[in-house]
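Have a look at the fold below, and keep the structure open while you read. We'll go through it piece by piece.

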Amino acid sequence: MKKIEAVIKPFKLDEVREALSEVNISGLTVTEVKGFGRQKGHTELYRGAEYVVDFLPKIKLEVVVSDEMLETAVDAIVKAAHTGKIGDGKIFISNIEQVIRIRTGELNETAL
C-alpha cells in the first residue's frame with residue numbers, strides 16, 4: 001500500500017476530488033496548509049502599499065491506495081491539478097505498513 005500526499009492549489013481541490021472519484025478512489029483527507037517552493041512567495045499591493053506574501057495558501061491531500069492503484073491515482077491527480085503555471089504543487093509517495101479500520105478491526109487492503 002502507498003500513501004499519496006499531494007500539495008495543490010486550493011481552487012483545484014474539487015477537480016482533483018472528482019478525478020479520484022472517477023477512478024474509484026474514495027477516502028481522502030484534506031488539510032489547508034501554507035508554504036512555498038521555488039517561487040518563494042510573491043509581492044502584492046494592498047491599499048497602495050506593497051508587501052511580500054512569504055507563505056502561499058495550499059491544500060494538502062492524503063490518500064492511501066493499493067500498489068496496483070498507485071499509478072492511476074497519481075495520473076488522476078496530476079491531470080486534474082495541472083495548470084502549467086508555477087506553484088502547481090508536488091506529490092509525495094511513501095510506503096504504508098499497515099492500515100486498521102477502527103470500527104470493524106479490518107486490516108490493510110480490506111480496511112481501505
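## Helices on the sheet

Start with α2, which lies across β1, β5 and β6 and runs at about 5° to β1. Bear in mind that you're looking at a predicted model. The other helix to look at here, α1, also packs on the sheet: α1 touches β1, β2 and β5, and its direction makes about 10° with that of β5.

What does α1 put into the interior? The buried residues of this helix, which spans residues 13–22, are L13, V16, A19 and L20. Looking down the axis of α1, you'd find those buried residues within an arc of 130°, so they line one face of the helix. Their cover includes three strands, β1 (2–8), β2 (29–35) and β5 (56–65), along with α2 (70–81).

## The sheet itself

Which order do the strands take in the open sheet? Its 4 strands are arranged β2-β5-β1-β6, and the pairing is antiparallel. At the edges sit β2 and β6 (89–95), each pairing on one side only. From one strand to the next, the twist averages 20°.

Zoom in on β2 and β5 and you'll see an antiparallel pair joined by 7 bridges. If you want a landmark, G35 stands opposite L56 in β5.

## The whole chain

Stepping back, the protein has 2 helices and 6 strands. In sequence order they give the pattern β-α-β-β-β-β-α-β. The chain has 112 residues, and 30% of them count as buried.

How far apart in sequence are the residues that touch? If you take contacts between residues at least 6 apart, 71% join residues at least 24 apart. As for the outside, the accessible surface comes to about 7,800 Å², and carbon and sulfur atoms account for 51% of that.

## Two asparagines with positive phi

Most residues other than glycine have a negative phi. N24 goes the other way: it isn't a glycine, yet its phi is positive, at about 60°. You'll find N24 following α1, in the loop between α1 and β2. This asparagine is exposed, with a relative accessible area of 71%.

N108 is another non-glycine residue with a positive phi, here about 50°. N108 belongs to the segment after β6. With 26% relative accessibility, N108 counts as partly exposed.

## Salt bridges

Side chains of opposite charge can pair when their charged atoms come close. The structure holds 6 salt bridges, and a few are worth clicking on. One of them links K60 to E5, with the closest N and O atoms 3.4 Å apart. Because K60 lies in strand β5 and E5 in strand β1, this pair ties together parts that are 55 residues apart in sequence. K60 is partly exposed, at 24% relative accessibility.

Another joins E15 to K12, where the closest N and O atoms are 3.1 Å apart. Is K12 buried or exposed? At 8% relative accessibility, K12 counts as buried, because the cut-off for that is under 20%. E15, at 39%, is partly exposed.

Then there's R101 with E106, whose closest N and O atoms are 2.7 Å apart. R101 is partly exposed, with a relative accessible area of 28%, and E106 counts as partly exposed at 31%.

Technical notes:
Residues numbered from 1 in each chain as written. Predicted model: local features only at pLDDT ≥ 70, side-chain atom pairs only at ≥ 80, totals over all residues. Heavy atoms only, no water. Buried < 20%, exposed > 50% of the residue type's maximum accessible area, 1.4 Å probe, protein only. Arc of directions from axis to C-beta. Contact = heavy atoms within 4.5 Å. Areas by Shrake-Rupley, 256 points an atom, 1.4 Å probe, with all protein chains shown as cover. Pairing = 2+ DSSP bridges. Axes fitted to C-alpha atoms, helices over the stretch in contact; angles between N-to-C directions. Salt bridge = Lys/Arg side-chain N within 4 Å of Asp/Glu carboxyl O.
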